[in-house]
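Here are two short exercises on one protein model. Keep the structure open as you work.

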Amino acid sequence: MILLWDGLQVQVPHTMEPATLDRGYIRLFGPELPTVDLRFGPEKKPFDPHRDGQRILRAAGLSQVALEPCIESWSQHLQGTLYHGSRLYVVQFGESRGVVAVLFSAPPPSAMVESLVTSLAWTPLDAWRRWCCYDITFETPAGYILTKAVFRPGRFRLMFAKKYSVLTFDRLAPANTLLGNMPLLTWCEQHVWREFGTDVKIIPQGPSEAEFIQKPSLLYRALAWLPGLYLPLKGKIRLLLEDNKVLILTEQGPHIADAISHRLHTSYATTSSLEK
Amino acid sequence: MQPPPLSKNDALNATPVASADIQIQITDQGLVRIRYPITIKPWIARLLPRSTVRPFRTLELDSMGSFVWNHIDGIRSVEDLAGIVTHQYKCHPSEAEHAVAIFLRQLGQRGIVGLR
């Protein structure tokens with residue numbers, strides 16, 4: 001399984017799964033394998049293995065070892081430079097200017113290190129980023145920062161913000177239990193009105209899709225720069241019958257260009273629907 | 001002293017068993033309604049006269065809860081139940097494990113099921 005999270009791409013080993021997903025942080029956990037902690041982010045200034053490496057090693061509880069360039073043959077094909085010290089591996093991506101520190105909780109099997117480290121790739125924040133976690137995949141435009149990630153059984157919610165613009169990706173499941181015998185439109189009315197109020201207009205787009213839109217208030221149009229004002233919103237609800245899921249993408253704040261909005265909506269899908 | 005918490009593997013391999021003190025009803029909609037005696041702290045129970053009948057409460061499960069309940073047979077493990085939920089509701093496996101674990105924990109806190 002390929003995990004794409006906050007700009008980082010990583011191949012999750014077969015028996016492992018993401019246990020924690022946060023901003024710039026992934027923890028992979030699996031039975032009989034060492035836990036893997038990945039910390040990553042943009043490079044603020046060129047990575048120095050002596051200066052920054054010591055700091056990372058100290059934080060990892062490995063202050064007695066040094067970070068050295070890795071001489072394994074497979075590391076020559078990486079997109080960046082690989083440094084190694086005990087259970088810690090650091091990849092410095094040259095072109096995209098990102099740094100990833102991979103810490104194993106115990107000495108890992110060499111095949112695991114190779115497959116995991118060679119799968120790493122970095123997309124900076126100033127480009128479109130693809131996300132793929134659990135069973136959903138989507139893209140976010142340049143500059144949008146993850147502000148909230150909630151993974152509850154039946155409800156995933158990921159929120160992104162860029163100045164006054166907020167994008168929310170919701171994935172609800174199982175759809176057949178949520179909807180019961182209700183048609184999608186009736187459920188949308190109940191759900192959207194409960195979440196955002198009854199002044200949101202719902203526009204059906206067929207039996208499995210609906211759009212919702214709320215016009216900006218006079219106050220917002222006059223004083224859009226004021227913090228705390230209720231942002232106008234629009235979005236789309238899609239019922240994926242085959243996957244038994246409901247996907248909701250909500251755009252809040254200033255109007256997003258139609259081309260960007262279209263790409264956002266078309267890229268939001270479940271991983272199983274893409275496999276078909 | 002409290003027993004140590006179960007590891008994830010042990011918890012998934014445990015078998016949920018329904019309590020003998022509960023009464024089950026099926027509603028017209030096919031949902032499961034469980035009538036269970038409320039659990040009383042041991043020190044309160046000691047103060048009550050022996051003839052006191054423990055009060056009952058009723059819990060009605062939703063369609064997903066009823067589905068899981070109908071598959072608790074004293075043989076299937078938590079992992080088996082999660083697998084059935086994954087297949088039936090097309091959930092992500094870890095999401096189904098989490099959902100079944102929360103459901104069983106809530107029933108366990110009410111004394112409706114125990115783990116064997």
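**Exercise 1. The cavity**

Describe the largest cavity of this predicted model: its volume, its number and its lining.

*Solution*

Step 1. Start with the space. The largest cavity holds about 40 Å³.

Step 2. Count. Searching the whole structure gives 1 cavity of 30 Å³ or more.

Step 3. List the lining. Its residues are A:Lys236, A:Arg238, A:Leu247, A:Ile248, A:Leu249, A:His265 and A:Tyr268.

Step 4. Find the elements. Strand S18 (233–240) and strand S19 (245–252) of chain A each give two or more residues to the lining of the largest cavity. Which element gives the most? S19(A) does, with 3 residues.

Step 5. Sort by character. The lining of the largest cavity has 4 nonpolar residues, 1 polar and 2 charged. Tyr counts as nonpolar here, so A:Tyr268 goes in the nonpolar group.

**Exercise 2. The sheet**

Work out the strand order of the open sheet in chain A, then explain why one side of S3 and of S6 has no neighbour.

*Solution*

Step 1. Write the order. The sheet has 7 strands, running S3-S4-S5-S9-S8-S7-S6 in chain A. It is open, and its pairing is antiparallel.

Step 2. Look at the edges. Strand S3 (17–22) and strand S6 (68–69) of chain A stand there. Each has a single partner strand, so one side of each lacks a neighbour in the sheet.

Step 3. Check one edge pair. S6(A) pairs with strand S7 (residues 80–85) of chain A over 2 bridges, in the antiparallel sense.

Step 4. Zoom in on a residue. What stands opposite A:Pro69? The residue is A:Tyr83, in S7(A).

Note on methods. Residues are numbered from 1 along each chain as its sequence is written. Chains are lettered from A and ligands numbered from 1 in the order in which they are written. This is a predicted model: local features need pLDDT of at least 70, side-chain atom pairs count only at pLDDT 80 or more; totals for chains, interfaces and linings use all residues. Side-chain values use heavy atoms; hydrogens and water are left out. On a 1 Å grid over the protein atoms alone, a cavity is a set of points where a 1.4 Å probe fits but cannot get out, and a pocket is an open set with protein on both sides within 12 Å along at least five of seven lines; lining residues have an atom within 4 Å of a point. Grid points are joined across faces, edges and corners, and a volume is the space filled by probe spheres set on the points. Helices (H or I, at least four residues) and strands (E, at least two) are DSSP runs, numbered from the N terminus. Two strands pair if DSSP finds at least two bridges between them.
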